[in-house]
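I opened the model to look up a few things in turn: charge, overall form, surface, and then some single residues.

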Amino acid sequence: MSIPNNALQKLVQEIETQAINAQREINVVKTSIVSKQRDIRMLELTSTEVKQLSNDTKVYEGVGKM
């Protein structure tokens, strides 16, 4: 019992398509991770800088775009 060639080709093509889609999703997730790590580093730096200020130093909080 062997599987016909065209059925095997369809199966291989489907697996390749799934692999390509999975690779794209992996790249999106990796990019998101790098972005979040960058955000974390910026937040840690900001937190460190603010903690070094004395308690009577006035600081202002951003409210977003106007």
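Entry 1, charge. I am working from a predicted model, and I began by counting charged side chains: the protein carries 9 positive and 8 negative ones, and the centres of these two sets lie 4 Å apart.

Entry 2, overall form. I looked up the secondary structure next and found that it comes to one helix and zero strands. The radius of gyration is 26 Å, whereas the globule rule gives 11 Å for 66 residues, so I note the protein as more spread out than a compact globule. Along the principal axes I read a span of about 85 × 25 × 10 Å for the C-alpha trace.

Entry 3, surface. I then asked what share of the 66 residues counts as buried, and the answer was 0%. For the accessible surface I have a total of about 6,900 Å², with 58% of that belonging to carbon and sulfur atoms.

Entry 4, a nonpolar patch. On the surface I found a nonpolar patch of about 360 Å², which is made by I3, L8, L11 and I15. Of these residues I followed up L8, which has its place in helix α1, a helix that covers residues 5-51. L8 has a relative accessible area of 34%, and because buried means under 20% and exposed means over 50%, I recorded L8 as partly exposed.

Entry 5, S47. This residue also lies in helix α1, and with a relative accessible area of 31% S47 is again partly exposed. I finally checked S47 against E61: the two are 14 residues apart in sequence, and their C-alpha atoms are 13 Å apart in space.

Definitions and conventions: Residues numbered from 1 in each chain as written. Predicted model: local features only at pLDDT ≥ 70, side-chain atom pairs only at ≥ 80, totals over all residues. Heavy atoms only, no water. Patch = residues over 30% accessible without salt bridge, like charges linked within 9 Å, V, L, I, M, F, W, Y side chains within 5 Å. Areas by Shrake-Rupley, 256 points an atom, 1.4 Å probe, with all protein chains shown as cover. Salt bridge = Lys/Arg side-chain N within 4 Å of Asp/Glu carboxyl O. Helix = DSSP H or I, 4+ residues; strand = E, 2+ residues; numbered from the N terminus. Buried < 20%, exposed > 50% of the residue type's maximum accessible area, 1.4 Å probe, protein only. Rg over C-alpha atoms; globule rule 2.2 N^0.38 Å. Lys, Arg positive; Asp, Glu negative; His and termini not counted. Charge placed at Lys NZ, Arg CZ, Asp CG, Glu CD.
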